[in-house]
Every structure is written in structure tokens, then in C-alpha cells.
Number of protein chains: 2
Amino acid sequence: MTTEDHTALPHIVVLGAGFAGLTFAKEFPSKQARITVVDRQNHHLFQPLLYQVATAGLAAPDIAQPIRAIVSKEPNVTVLMAEVKGIDLAAKRVTLDRGELTYDYLLIALGGVTSYFGHNEWAAYAPGLKSLDDAILIRRRILLAFERAETEPDETKRRELLTTAVIGGGPTGVEMAGAISELARTVLRRDFDHIDPTRAHVLLIEGSDRILLQFPPDLSASAHRQLTRLGVEIRTSTKVKEIRPNEILFTDGTSLRAGNIVWAAGVGATPLSKTLGVDLDKAGRIKVKPDCSVPGHPEAFAVGDLATLVDRNGKQVPGVSPAAMQMARHVVRLIESELRQGKQPPEQRRAFGYFDKGSMATIGRSAAVAMVGRFKFSGFLAWAAWLSVHLVFLIGFRNRVSVFLQWVYSYFTYRRGARIITGRISEEGTGT
Amino acid sequence: MTTEDHTALPHIVVLGAGFAGLTFAKEFPSKQARITVVDRQNHHLFQPLLYQVATAGLAAPDIAQPIRAIVSKEPNVTVLMAEVKGIDLAAKRVTLDRGELTYDYLLIALGGVTSYFGHNEWAAYAPGLKSLDDAILIRRRILLAFERAETEPDETKRRELLTTAVIGGGPTGVEMAGAISELARTVLRRDFDHIDPTRAHVLLIEGSDRILLQFPPDLSASAHRQLTRLGVEIRTSTKVKEIRPNEILFTDGTSLRAGNIVWAAGVGATPLSKTLGVDLDKAGRIKVKPDCSVPGHPEAFAVGDLATLVDRNGKQVPGVSPAAMQMARHVVRLIESELRQGKQPPEQRRAFGYFDKGSMATIGRSAAVAMVGRFKFSGFLAWAAWLSVHLVFLIGFRNRVSVFLQWVYSYFTYRRGARIITGRISEEGTGT
């Protein structure tokens, strides 16, 4: 590997340029170490707005920024676009698809992958939403379903094409269901001659007895009402047994045919975690020590969706981006102080504490739920708060301006700017 | 086909929603006929800015608008997203991949395809630039070449990865070469640690003795100087004999290795023209009558890149978008007057006359050439004119605002907003 130069500075390898990896690379004092950031994409993706790319509201580049551009001003940060093939914790070595890296400190921040709970064959019929390619695939399939319905002579098949089922009533599922319903009811409304897009049928399928389980019951109920008002049919306590092409079978013996099925039900850790030889939870996440280090390897840390821990206040740290960023900052401070004051055993290091700034989930135009501490709100106020927070956290000045303008445009015109179908239509399964 | 309803109005089928097809659909008085617009994409593409998507300056949705949205206010216009499989001129019937259409009048406006002069096998090694998928593929390959060069230990291979050859010195080739050189020299300049993007090598290969053959020699010379100043090496009188993976063989026995090869050398008519049983020129274009009708079929017209004719002033009509739009307008007037006044034999119809508003080609930042009538200009003034004209003609208010802001942003920051790699990297050949 030509990228390995041997200066006196310690070498920190950061795997993954999501919220955690990027926070680390930007906030670590750059004169104290060389940092190598590895990601298999060339861009950082602002995941919370991914559903808007999938539903034709935003263009892919609006929510992605080149990693190189983000850290180009940090002098000791190197970016490598490469895939991580293996991590040898004992030898302090990472194997990439192109070469190897050795490290003094390691931050594993590879995030999660869509999990089908052992049924990976469902992926072809019910794509998940983790990458830009996923979003573009879903956008293509949803827009194509309306195009096909327009020329479909058979009434039953037409109804099937106009039915979309979103599986999983968490924030992503709620956002997707709301946005698809709005797309049909407001954006596509006037554009077809032979079908009425406002009669499109959007279902949200949830296994437990209410949607948005991570919120208190009254906010779940509010989200339920707001989503129903947007035309989404919500089925709670409905468990999926099997997914076939355009068909879902439920555990109660019933089934549903749908032109599009979107999977928003499960996120698991990247399969790489299984190869590390350390203790994992059921979702494949690394059970890190209270300081976020990997058990038995004090120089290796795992943060974000790939790690699981109970924080110093006794609370389970949730798999959300603010937690990932806080964990990354915790590790920044920890490595920084060790580099100044010498190594400490993990037991003596400060334990991580999660500060919950609040949660929110958007549902649609003027519809959302939010809670900050003990304050709960929903409807327009929650929606305005959601918009502001997401604009502020979106990386890159250009993206912020572009997204803001597109939101203003869509709000007043009831149009969407990214209603295009790209990719070869015959190769729908390639995910590109 | 369910879309065939039988009202008293005559039925006009428009094949293709490029500049010509869309002009026809928008300008034909909509109460006098039913119009069905067929396109295999759901969007109209603003081709003149496609090279900016290929070089990461604009996002794909910025230069595309849903066809349905563009004509949604025309009451008698129906849009079908379908592929044309055959045209039976005698039976007045068009076969689509989904169903059939019969017509009273037909407008064939399917445009051109990238032509490799009988060497379709070169397409895999030297993609052309006709669709959004083409542009996204080229963007991915160019950005990936820099990423790969960054980790390539071998000096020769690194130099090869940083070499891009653009074949064809017409407007598209000139634009591509200039934009790639600028991308390397200004945008990517600071972002790599192991390579110097400003040393990237961009070549423009032209078979004849000067670039921009359609312009007068002094403007060609000006373009040559401006392009050289941007760092592009121009090789005129250099003919391609064969293209292999990452290698071009020339007729003089020399060869060139390049990490990326872009084909901007040939546009031919869509292969469908060969199935019509009418006279074609060497490029496969239909030799239409002076009124733009297909010989022997007065109710069928061919316009745009698919047609060839000498106009009523004795001039060959060029294959440019203003000509395509003017031909479409000519056919609008012709059909409209026939519907009011009864059929006329093609010989008595008014012959088409092309009005040349001028031509321009952009080269890069503050660099372009233009001519309007006898006035010729180049440099900043021509560039400003190019920007204004393309903004004005870009369809859709949102797109205009978005493109304008991105140009302002790029001009002042030397950044580009769409520097993202999408699509599975292992499947580079799929064009998605």
C-alpha cells in the first residue's frame, strides 16, 4: 500500500464515514495523529433525508457530500475509498479490498445494514433503504408502478400496481408511507389519464400493537391519526411470515398483493462484526465496554449502530445518529488524553453517557411528532422543528440552500423536483 | 390497449419527447386533435447540459422534467411511457412494447443514438453521452479513476488512470474535455494526498484538421487556444482505428492508454429507421420531403436528428435542437391547416425553412465561442451568452433556479455539487 508512510505520529484508522466516523475525523486534533478514513463510498450520506430521494423530493447529490471535500482542510486526514474485508484485532491490522492498513488506534463505525432476519431472499421483493442506490431503486419502482398502471387493462392488476406496502412502523416506515401517499395524492394527481393516483393505496404494516414504539403511546396515537389523515392504512399487530414477488403472507394466514413492497422493519450490524471473535448481541452488534472499547482490545473502539452498550446512567444507548456522534466524540477525548498522558486500562477510562436531546419523526406536509425532554408536540409545530433541525445538520452549505429551496418549492407548488426514472428498466434488481 | 378511446377527434401520435416531440405536444392547438406522446423515459432531458451531469456539476434531476408534468395542462394530450417496437406506415399503426396505437397523423421524433460506425463493441470501453444513465456512468468512471489512482502504487498505471481521452472534436467533445480538465485542476485539486489531480492528462482526439468543424476556422482556432489554456491536449488529424479496454489504436500505428475514454464522435439515427422501408442517408436518417413528410406517406412526418433534408433556401438542415423544434412547429402548422381546410398533397404543402439563430459551444469557465449571423465572439462574452441562453431554454422554473444557483456556487467556490459515485462499482458496464 503506497498510502502507508511512517512518520512519528500515531496512526488512527477510522472505518466508515457516516455520522460517527466523520465526527471523529473532523473533531480529532489533527496535529496529534495521522487519521485514515476508509469508506466504500466516496460520499457521506445524510441518511435522515434518504426517504425524500426515494420519493422523488430531492436529488441524490442534495443529501451526499464527497468525504474528501468535507475533510480536505484537515492536514493529517487521509481518505481511502475501499471496502473493509477483515479486521485482525490482535495484529492491529485492517485488510481492505486494495491493500492493508496497520493502526495504533481503531474506530469501527461501519453502521448498520438492512436486516431481513435471516430471509435475505426477501431483499429482491422488498428493498430496504440504506444507500443512495437503494433510494434510486425504490424511486424507480414506485414511479414505474404508476406508469404501468396507466396502460394496464386489467382492473385487478391495476389496483395491485397502485398498492404500496411499507413494512415496519418505525420512523423510516412512517416517513416512507407518508411521503408515498403524498406523492400520489398531491404530486401525481393531475398527470394521468386512465388512472386516478389519489386512489393509490398505501399500507403501513407493523408487528407490534402501535407504530413509533420508541415514542410514548400518546405520540404514537397522534402519528397514527396524522398518517391516517394522509390516506395511509395502518395495520398494527400484523406479522409478516413470508414475502414473495408482489405478495406478503402474514402469520394469521391472510395475504396482500402489492405492486411495491418497501422493507423498513430491520437494521442489523454489518456482517463483518461476526468475524471479530468478540461477544455480539442478537442483532450482531458488538457488546462494547462502557468506554466504547472492544473487549480485550483497549486500542479498538466500536461506535454507532454497530455497537451496543448500557451507558453510565444505566440506559441502553439507542441506534440513532446523535448517539453515534456523541460516542465518536467520547472516543476523540479518550484517545486524545491517552496520547498526552499515557495509556490507561479500559476500566479506568471514563464511561460513555448518552445525552438525549429529543426525538422526532416526520409524517408528511405539516405533520410530525416530536419530544424534547418532557415536552411533546405534534402537527405543524413538530414538523417545522423537524425541518429546521434537519436543515441545520445537513452537511455542506450548498446542500442546505438547495434542499431548503426545494422544500419551499414543493410546499407551494405541490410538485417534486426529482420525479425521474433512471437505470435500465429491465434490470430492476440491480439496485443501481 | 385501454388507452385507445374512440372520440370523433383525429388522433396524432408523437414518438419521442425530446425537443421536437415536446414542442409539437405543447404547441398543437389541443382542441383540434387527441395527441398521444410516447417515450421510453418518463422525463424530457435537456441534452445540452448533459455533459455537466457527466462531470459532476449538476444533479440528474436538474436537467430532466417528467413529461407528464410538462403537458399536464394540455387537455387532449396523453403520455405513454413505452418503447416503440415497430411502425407500420401502410397500416398507420405503431407497435409498442405494451400494446399498439393507430393514428391519423404520425410525428416520428425519436432522435439519435450514439453511433460507433459499425463498431458497437467499442461502446463498453468508450461510452457515449446520450442519456442520464450514460452521464451517471461516465461520472462514476471519471471520479473512480481518481480514487483508484490515489491508492495505485505503480507509477505507469497511476498515470494511465489520470489520463482521459475524449474522441470527437465537435461541441460535445469540446465541452466534455474542458469540463473534465477543470474538474481535475480546480475542483479536485486539494482533495488527494498521494496524487496531484492538476497533473491529470485530458486529450481531445479529432479526425479532421480542426475542432468544431461546424464553426468558421477563426472560431475553431479560438476554441483551440482556450481549450489548450485549460490544459487540454488537442490532437487533430488523428483517426481512431480501434478501441480496446483502456487503449486507443490510431490509423498511423500509434496508440494511447487512458483510464477513461469518452466517445463524442458520432450520432446516428435510431435503428428503427431501417425498418420503415423508406430511403435513408448513410447515417440512417430518413430522407424526408421538403414539408418534412415521409416519402409516400403524407400523414407521417419525421423531424429532428432522425430526418435529413435540404430546406427551401437550399441549405442542409443541421442536427441541432433549434432545427428540431422549428421542424416540429412547421408540422404543427401543416396538420392544423389540413384539419381546418382538408388534405393537401405533400407537393403543394409549404416547404420547411430553417432559421439559423446562431451557434455556440462552451469550453469552460469564462471560455466559449459563439456566432450570431455575421457576428463572432469568444471568451467571456460568448460564455455569458451561452449561460443565459441555456438557462432560458431549460424547461421548468425549479430547474432554472436550481441550475442558476449551482452555477453561481461553482463559479465562486470552485466546487461541484454532484461529486458522488452511485451504482454498484463492480457492475460498471450496466450504464445505470
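1. A good place to start is the surface. Please keep in mind that this is a predicted model. Chain A has an accessible surface of about 17,700 Å², and carbon and sulfur atoms hold 52% of that area.

2. Next, the overall build. Chain A contains 10 helices and 25 strands. Its radius of gyration is 22 Å, close to the 22 Å that the globule rule gives for 432 residues, so chain A is as compact as a globular protein of that length. If you like to picture a box, the C-alpha atoms of chain A fill one of roughly 70 × 45 × 40 Å along the principal axes.

3. Now a look inside. Of the 432 residues in chain A, 58% are buried. Among contacts in chain A with a separation of 6 or more, 66% are between residues 24 or more positions apart.

4. On charge, chain A carries 53 positive and 44 negative side chains. The centres of these two sets lie 4 Å apart.

5. One residue you may enjoy finding is A:Glu150, which sits in helix α4, residues 132-150 of chain A. Is A:Glu150 buried or exposed? A:Glu150 is buried, because its relative accessible area is 1%, and the cut-off for buried is under 20%.

6. What does the side chain of A:Glu150 reach? One partner is the backbone nitrogen of A:Asp193, at 3.1 Å. Another is the backbone nitrogen of A:His194, also at 3.1 Å. In the model you can also look for A:Asp196, 46 residues from A:Glu150 along the chain, with 9.0 Å between the two C-alpha atoms.

Definitions and conventions. Residues are numbered from 1 along each chain as its sequence is written. Chains are lettered from A and ligands numbered from 1 in the order in which they are written. This is a predicted model: local features need pLDDT of at least 70, side-chain atom pairs count only at pLDDT 80 or more; totals for chains, interfaces and linings use all residues. Side-chain values use heavy atoms; hydrogens and water are left out. Helices (H or I, at least four residues) and strands (E, at least two) are DSSP runs, numbered from the N terminus. The radius of gyration is taken over C-alpha atoms; the globule rule is 2.2 Å times the number of residues to the power 0.38. Buried means under 20% relative accessible area, exposed over 50%, partly exposed in between (1.4 Å probe, protein chains only). Contact means heavy atoms within 4.5 Å. Accessible areas come from the Shrake-Rupley method with a 1.4 Å probe; for residues, only the protein chains shown count as cover. Lys and Arg count as positive and Asp and Glu as negative; His and the chain ends are not counted. The place of a charge is taken as NZ of Lys, CZ of Arg, CG of Asp or CD of Glu. A polar contact is a pair of N or O atoms within 3.5 Å; within protein, one must be able to donate a hydrogen and the other to accept it, and residues adjacent in sequence count only if both atoms are side-chain atoms.
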